[in-house]
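Dear colleague,

Please find below the structure that I am handing over to you. My account of the charged pairs, the aromatic pairs and the surface patches follows directly after it.

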Amino acid sequence: QDRLLVAWRSPAPDPDAACETCRRRWEVGVLGGAALFTTDFDSDPSPTFGLSVRRPVPFGTDCDAENNPLGLFGQALVVPMDRDTVLKLNEELDGTAFFVRGGIDYRILEGDGWVLRGQAGAEYAYFGDITDLEDGWGLLFGGEAGVRLGDRFRLAYNPQIVIADAGDRVV
């Protein structure tokens with residue numbers, strides 16, 4: 001799924017504070033974008049909306065979370081779907097799908113005001129009563145390119161691909 005992420009970051013911890021303070025640094029974001037499905041879904045691209053959280057993970061005794069390249073992320077998405085398939089009696093063609101994702105990310109490159117990260121994780125998809133779609137888990141791989149817009153705001157492009165157990169792909 002391709003989407004833009006607008007994120008807010010909690011205030012930077014006091015450098016004189018204990019390491020516990022550094023571990024509580026969170027980034028919270030709002031997602032918006034488009035979901036593209038394989039031909040098996042029989043669905044045109046759909047808008048996506050959701051929330052994202054990210055937390056840097058300190059290594060050992062290093063208290064400066066900003067300098068640690070590893071992080072944990074989570075996302076919750078809502079995707080209205082309009083399928084283009086033959087309707088059978090008592091089948092629901094359209095509906096809303098819900099996705100919950102989580103995993104690790106790793107900062108690959110960073111410059112003054114920008115960052116590039118790789119992501120790996122898992123996704124659970126809930127399709128409700130939409131015909132011919134099965135709820136389930138998939139592997140997630142993605143990337144994030146972000147630009148800082150201020151002290152606590154950034155804009156990011158976050159393409160991801162999910163490989164589901166049925167062989168379907170959501171991009």
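Glutamate 123 and arginine 101 form a salt bridge, with 2.6 Å between the closest N and O atoms. Glutamate 123 belongs to strand 6 and arginine 101 to strand 5 (residues 95-111), so this pair ties together parts that lie 22 residues apart in sequence. Please bear in mind that the model is predicted.

Are the two partners buried or exposed? Glutamate 123 counts as buried because its relative accessibility is 3%, and the cut-off for buried is under 20%. Arginine 101 has a relative accessibility of 4% and therefore counts as buried as well.

In total, the count comes to 7 salt bridges. One of them joins the side chains of arginine 154 and glutamate 27, at 3.1 Å from N to O. This pair links distant parts of the chain: arginine 154 is in strand 8 (residues 153-157) and glutamate 27 in strand 2 (residues 27-35), 127 residues apart. Arginine 154 and glutamate 27 are both buried.

A further salt bridge is made by the side chains of arginine 107 and glutamate 110, at 3.2 Å from N to O. Here the two partners fall into separate classes of exposure: arginine 107 is buried, with a relative accessible area of 16%, whereas glutamate 110 is partly exposed, with 41%. There is also a network of salt bridges that share partners, and it joins Glu27, Arg54, Asp105, Arg117, Glu144 and Arg154. Arginine 154 and glutamate 27, described above as a pair, are thus members of this network.

I turn next to the aromatic residues. How many aromatic pairs does a search of the whole structure find? The search gives 3 aromatic pairs. Among them is the pair of phenylalanine 99 and phenylalanine 127, which is edge-to-face, with 5.9 Å centre to centre and 85° between the planes. Phenylalanine 99 lies in strand 5, while phenylalanine 127 lies in the loop between strand 6 and strand 7, so the pair ties together parts that are 28 residues apart in sequence. Both phenylalanine 99 and phenylalanine 127 are buried.

The surface has a nonpolar patch of about 870 Å², made by Tyr106, Ile108, Leu109, Trp114, Leu116, Val147, Leu149, Phe153 and Leu155. Strand 5, strand 6 and strand 8 are the elements that give two or more residues to the nonpolar patch. Of these, strand 5 gives the most, with 3 residues. Tryptophan 114, one of the patch residues, is placed in strand 6. Its relative accessibility is 40%, and tryptophan 114 therefore counts as partly exposed.

There is also a negative surface patch, and its members are Asp132, Glu134, Asp135 and Asp165. Where does aspartate 135 lie? Aspartate 135 is found in the loop between strand 6 (114-126) and strand 7 (136-148). With a relative accessible area of 34%, aspartate 135 is partly exposed.

To return to the opening pair, glutamate 123 and arginine 101 are joined by a salt bridge, and the pair connects strand 6 with strand 5. Strand 5 also holds phenylalanine 99 of the edge-to-face pair and gives 3 residues to the nonpolar patch.

Yours sincerely

Conventions: Residues are numbered from 1 along each chain as its sequence is written. This is a predicted model: local features need pLDDT of at least 70, side-chain atom pairs count only at pLDDT 80 or more; totals for chains, interfaces and linings use all residues. Side-chain values use heavy atoms; hydrogens and water are left out. Patches are made of residues with over 30% relative accessible area and no salt bridge: like charges are joined within 9 Å, nonpolar side chains (Val, Leu, Ile, Met, Phe, Trp, Tyr) within 5 Å. Accessible areas come from the Shrake-Rupley method with a 1.4 Å probe; for residues, only the protein chains shown count as cover. A salt bridge is a side-chain nitrogen of Lys or Arg within 4 Å of a carboxyl oxygen of Asp or Glu. Lys and Arg count as positive and Asp and Glu as negative; His and the chain ends are not counted. The place of a charge is taken as NZ of Lys, CZ of Arg, CG of Asp or CD of Glu. Helices (H or I, at least four residues) and strands (E, at least two) are DSSP runs, numbered from the N terminus. Buried means under 20% relative accessible area, exposed over 50%, partly exposed in between (1.4 Å probe, protein chains only). Rings of Phe, Tyr and Trp (its six-membered ring) pair if their centres lie within 6.5 Å; planes under 30 degrees apart count as stacked, over 60 as edge-to-face and the rest as tilted.
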